[in-house]
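Here is a short briefing on one protein chain. Please read the points below alongside the sequence and the coordinates.

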Amino acid sequence: MNAQTPQPPPEAVLIKEALRRARLSGREAARRVPISETRWRQIVNGYQDVGGVRIPVTAPDETLVRMAQVVNVTSEQLRKAGRDSAAEILDELSQPPTPASTPGASASNAQIEAITALLATLTPEAREQVLSRFNRPTTSEPDTGTVSDNSPHREAS
């Protein structure tokens, strides 16, 4: 067997250290990605055995990004490790979805955009008050599709 063991690339060292800090097993982290535990080990060790020869392994950007997400590695850390393209993907994934980036976006996106624009005009306190209404537990009343102003209702005579 070849005694030469390739050195793991910087991003592999980064992921391995983050895994330790996250206090996850390689098995659990691999399950969350999802990739095989063997593939996880190959990537963080930077090599795989093929016919008794250790050949270097570098994770594809998409796989590296999923691994980074599992162990809380940031895009800035990926950039410092020399994986700029993976960092860009991670940045994109951390952005809120836009109508153009959301497959199957419905016509209600125009309403959502209008509500978002309206919320942006409110003071932080007023915005918090409005948004807090959406975090309330649901009641047993049927949803009529209208927003209640919590004022007493009069019945028409």
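Residues 140–157 stay under pLDDT 50. For that stretch the model has 3 contacts beyond four places in sequence. This is a predicted model, and the chain averages a pLDDT of 81.

**Confidence**
- 75% of the residues score a pLDDT of at least 70.
- Residues 140–157 fall under 50.

**Nonpolar core**
- The largest nonpolar core holds 26 residues.
- Ile-15, Ile-35, Trp-40, Met-67, Val-71, Val-73 and Leu-78 touch the most other members.
- At least two residues of this core come from each of α1, α2, α3, α4 and α6.
- Helix α4 gives the largest share, with 5 residues.
- Met-67 touches Ile-15, Val-33, Ile-35, Trp-40, Ile-43 and Val-44, leaving out residues up to four places away in sequence.
- Among these partners of Met-67, Ile-15, Ile-35 and Trp-40 are also listed with the residues that touch the most other core members.

**Helix α3 and its surroundings**
- Helix α3 spans residues 37–45.
- Its buried residues are Trp-40, Gln-42, Ile-43 and Val-44.
- They pack against three helices, α1 (10–22), α2 (26–32) and α4 (61–70), and against β1 (47–50).
- Gly-46 follows just after α3 and takes a positive phi of about 85 degrees.

**How α1 meets α3**
- Two packed helices are described by the angle between their axes and the distance between the axes.
- For α1 and α3, the axes come within 7 Å and cross at roughly 120 degrees.
- α1 is therefore oblique to α3.
- On the α1 side, the contacting residues are Ala-12, Ile-15, Lys-16 and Leu-19.
- On the α3 side, they are Trp-40, Ile-43, Val-44 and Asn-45.
- Of the α3 residues in this contact, Trp-40, Ile-43 and Val-44 are buried.

**Arg-83**
- Arg-83 is found in the loop between α5 (75–80) and α6 (84–94).
- Is Arg-83 buried or exposed? Arg-83 counts as buried because its relative accessibility is 10%, and the cut-off for buried is under 20%.
- What joins the side chains of Arg-83 and Glu-11? A polar contact of 2.8 Å does.
- Leaving aside neighbours within four places in sequence, Arg-83 is in contact with Glu-11, Thr-58, Ala-59, Pro-60, Asp-61, Leu-64 and Leu-78.
- One of these partners of Arg-83, Leu-78, also appears with the residues that touch the most other members of the largest nonpolar core.

Terms used
Residues are numbered from 1 along each chain as its sequence is written. This is a predicted model: local features need pLDDT of at least 70, side-chain atom pairs count only at pLDDT 80 or more; totals for chains, interfaces and linings use all residues. Side-chain values use heavy atoms; hydrogens and water are left out. Buried means under 20% relative accessible area, exposed over 50%, partly exposed in between (1.4 Å probe, protein chains only). Helices (H or I, at least four residues) and strands (E, at least two) are DSSP runs, numbered from the N terminus. Contact means heavy atoms within 4.5 Å. A polar contact is a pair of N or O atoms within 3.5 Å; within protein, one must be able to donate a hydrogen and the other to accept it, and residues adjacent in sequence count only if both atoms are side-chain atoms. A nonpolar core is a set of buried Ala, Val, Leu, Ile, Met, Phe, Trp, Tyr and Cys residues joined through side-chain atoms within 4.5 Å. pLDDT is the predictor's confidence in each residue, from 0 to 100. Axes are lines fitted to C-alpha atoms, for helices over the stretch in contact, and angles run from 0 to 180 degrees between N-to-C directions. Angles under 35 degrees count as roughly parallel, over 145 as roughly antiparallel, 65 to 115 as roughly perpendicular and the rest as oblique.
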